[in-house]
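This report describes a two-part assembly from its coordinates. The sequence and the structure come next.

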Amino acid sequence: MSHAFQFYATTLLVYLGVDVLSVWSLNLQYGMTGIYNFAWILFQSIGAYTAAVLTLGPSTANTGFQHFILGTSIPFPLPLLIAGAVAGVFSIPIGFVALRRLRADYEATVMLVISVVATLIVSNVQGMFNGTAGLSLIPEPLYTFLHVSTLSYSWLYVLFTAVVCGIVYIFVHRVTSSPLGRAMRAVRDNEAAAESLGKHVTSVRMFAFIFGNVIAGMSGALLVQFIGAWSPGAWFFVETLIILTAIIVGGTGNNGGVILGALLVPIVFNEATRYIPTSFAPAAIVDSVQWCVIGGLALAFLWFRPQGILPERRRRFPVPPEYAAMAAAGRYPPHDERGATGTPPVAVLASETES
Amino acid sequence: MTVSTLHDAPAATTGAVVPLLSVRNLRREFGGVVAVDDASFDVLPGTITSLIGPNGAGKSTAVGIIGGGIRPTKGTVQFAGEDLTGLPPYARAERGLIRTFQLSSQFSKLTVLENLLAAAPHQRGEQFRVLVFGKRLWREEQDRLLERAYELLVRFSMFEMRDEYAGNLSGGQKRLVEIMRALMANPKMVLLDEPMAGVNPTLARAIEGYLLDLAAEGVTLLLVEHELDVVERLSDNVVVMAQGRTIATGSMAELRENEEVVRAYLEG
């Protein structure tokens, strides 16, 4: 493998890892809990900026060509963890405004507005994150400490990304496979019924929102420390739609399915459009074509296969043989010693036609 | 409190039995429309009480207020000696007061079995601690819930349907899921808003049987129902509402003799 190809491959793999974290994050919110977080990219961005200003050192460094707040050099891996925490903290007031009383379309609108407003603020407040020019020269973690070639470092970063994905998956799986995950899906399917059955709907939604955004923040930190730069152009609100499309294509509500979506949508389709010959389409058009492809994919799947390539998994549970036997015999469970007033014919349901 | 209705305090007259649910002077306006005007009634423990009345009488609004989904403009809801008036629905569910809905409200993309498991309140596995403890937190609890869910599935002849998505069930089967789900919570009282609406007659009779069984086990039921012969077969007590007010209470036989009821409902 040539060096150039290896650099390309490692970059794609790190992007894939970041996208996998992204789809898990938004899937927890949109896929599992039904939260329309159209401000998702904001939380990835909060993580990216946090990690940047925690590692860049004072803003007077490098002849002070960029202006930003904080400016410290915190050792690895703290910036990654703090980035997640900060994204989580920002989720609380935003969630309070958007999730507590608003639902579905109103919620989506508020999120979208928050995302746009945040981009405008960061672009125009020069001293916060260096305005529209954004931050650059963000150091790669442990690069000077490791004494390895740039290429080896890239492979090590791929490994590190994989480890982060693995650890995050453990926590994601703990939630989605648990009764809490079931409560999240119940809230998604019917909020009023979930609440009437004793679920604290707002808490469940806030949990999914905060937990998902912590992961989004970490994904941003992971990405920014690899590519070394971050500016408002990187997180315009439509970027959320790429991740949302990846989830819809891969399989809403399926942690494995969305990985496939992360591979197909941001990686394969976005990369494929790169290879459109420039004689056929000028470079400026290629960028637009990417958006057409993303939008077209989302529409096509929502029309023809809304459940995605790998649909949400049907959860089955072990059946004790005694119940199977009782069901076959049409008997009540043994400890049930009431009269037979209400014993229904087993055939009732079998004979019932679809209504 | 204005004692405007003949049934205002039946517990006081019978003396011994304390009502499980006590609704007093409920009022609810939607814009200029008064859905519930002045509704007061009691439900005694272990009984089946039916709420009847013509369309627009305020029955569903009353059930909504008791369940906590709708806030009353005025009035109080007492349950098991506690004033629930300001409490949200989940807090009422935790106290053993569960409601079902007029329109099927299943969790469509959960299986029937999952619908039941999700319905039990107070689950350890639903606490945010699962992030730290994982399966250790909820494995045993889940086994217990599974056992109860399987019992209900066998009892309601829905065992074979356990792995089907609830959204794919027939209308009648969805009603059964709704009733089973209410029972997963080990409720003291279940509010059933037209549990037999849109269900074929055979299954409707089966549901009647299930409801009688539940009452025999000590679960108190408050039923909103249109079919008067069903009401007659099931109810220990019937509350009649018309134009937002409770106008009478008693057995069906008594109510048939009541002129006001006959005018407002039985003939109208």
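The text below goes through chain A, the contact with the second chain, chain B and the nonpolar core.

This is a predicted model, in which local features need pLDDT of at least 70, side-chain atom pairs count only at pLDDT 80 or more, and totals for chains, interfaces and linings use all residues. Residues are numbered from 1 along each chain as its sequence is written, while chains are lettered from A and ligands numbered from 1 in the order in which they are written.

**Chain A**

The average pLDDT of chain A (the predictor's confidence in each residue, from 0 to 100) is 87, and 92% of the residues score at least 70. Over residues 334-355 of chain A the pLDDT stays under 50, and the model has 35 contacts beyond four places in sequence for this stretch. Two residues are in contact if their C-beta atoms, placed from the backbone, lie within 7 Å.

Chain A has 15 helices and zero strands. Helices (H or I, at least four residues) and strands (E, at least two) are DSSP runs, numbered from the N terminus. Along the principal axes, the C-alpha atoms of chain A fill a box of roughly 90 × 45 × 40 Å. Of the 355 residues in chain A, 44% are buried. A residue counts as buried if 20 or more other C-beta atoms lie within 10 Å of its own, as exposed if 12 or fewer do, and as partly exposed in between, with C-beta atoms placed from the backbone. Among contacts in chain A between residues at least 6 apart in sequence, 77% join residues at least 24 apart.

Domain bounds come from an automatic or database domain assignment. The table lists the assigned domains of both chains.

| Chain | Domain 1 | Domain 2 |
|---|---|---|
| Chain A | residues 13-236 | residues 238-314 |
| Chain B | residues 10-105 + 188-266 | residues 107-168 |

In chain A the C-alpha centres of domain 1 and domain 2 lie 20 Å apart. The contact between them takes 21 residues from domain 1 of chain A and 18 residues from domain 2 of chain A. On the domain 1 side, helix H1 (3-33), helix H2 (40-55) and H7 of chain A each supply at least two residues. H1(A) gives the largest share of that side, 12 residues. By class, the domain 1 side has 14 nonpolar, six polar and one charged residues. Ala, Val, Leu, Ile, Met, Phe, Trp, Tyr, Cys and Pro count as nonpolar, Asp, Glu, Lys and Arg as charged, and the others, Gly among them, as polar.

Ala300(A) is in helix H13 (residues 283-304) of chain A. Ala300(A) has 12 other C-beta atoms within 10 Å and is therefore exposed. Val249(A) is 51 residues from Ala300(A) in sequence and 9.1 Å from it in space, C-alpha to C-alpha.

**Contact between the chains**

Chain A puts 45 residues into the contact and chain B puts in 58 residues. Helix H7 (150-176), helix H8 (179-189), helix H9 (191-196), helix H14 (321-329) and helix H15 (347-351) of chain A each supply at least two residues of the chain A side. H8(A) gives the most, with seven residues. The chain A side divides into 21 nonpolar, 10 polar and 14 charged residues.

**Chain B**

The centres of domain 1 and domain 2 of chain B, taken over C-alpha atoms, are 29 Å apart. In helix H4 (residues 112-119) of chain B, eight of its eight residues are buried. These buried residues pack against H8 of chain A together with helix H6 (139-155) and helix H7 (171-184) of chain B.

Ala166(B) is in the loop between H6 and H7 of chain B. Ala166(B) has 26 C-beta neighbours inside 10 Å and so counts as buried. Leaving aside neighbours within four places in sequence, its contacts include Ser108(B), Val112(B), Asn115(B) and Val177(B). Ser108(B) and Ala166(B) are 58 residues apart in sequence and 4.8 Å apart in space, C-alpha to C-alpha.

Strand S9 (residues 237-242) of chain B pairs with S10(B) in the antiparallel sense over five bridges; strands pair if DSSP finds at least two bridges between them. Val239(B) stands opposite Thr249(B) in S10(B). The hairpin has two residues between the strands, and Gln243(B) takes a positive phi near 50 degrees there. Strand S10 (residues 245-250) of chain B is largely enclosed by the rest of the structure, because five of its six residues are buried.

**Nonpolar core**

A nonpolar core is a set of buried Ala, Val, Leu, Ile, Met, Phe, Trp, Tyr and Cys residues joined through C-beta atoms within 7 Å. Of the 175 residues in the largest nonpolar core, Val23(A), Ala52(A) and Val240(B) touch the most other members. Helix H10 (residues 201-227) of chain A supplies the largest share of this core, 17 residues. Not counting residues up to four places away in sequence, Ala52(A) touches Leu135(A), Ile138(A), Val224(A) and Trp230(A).
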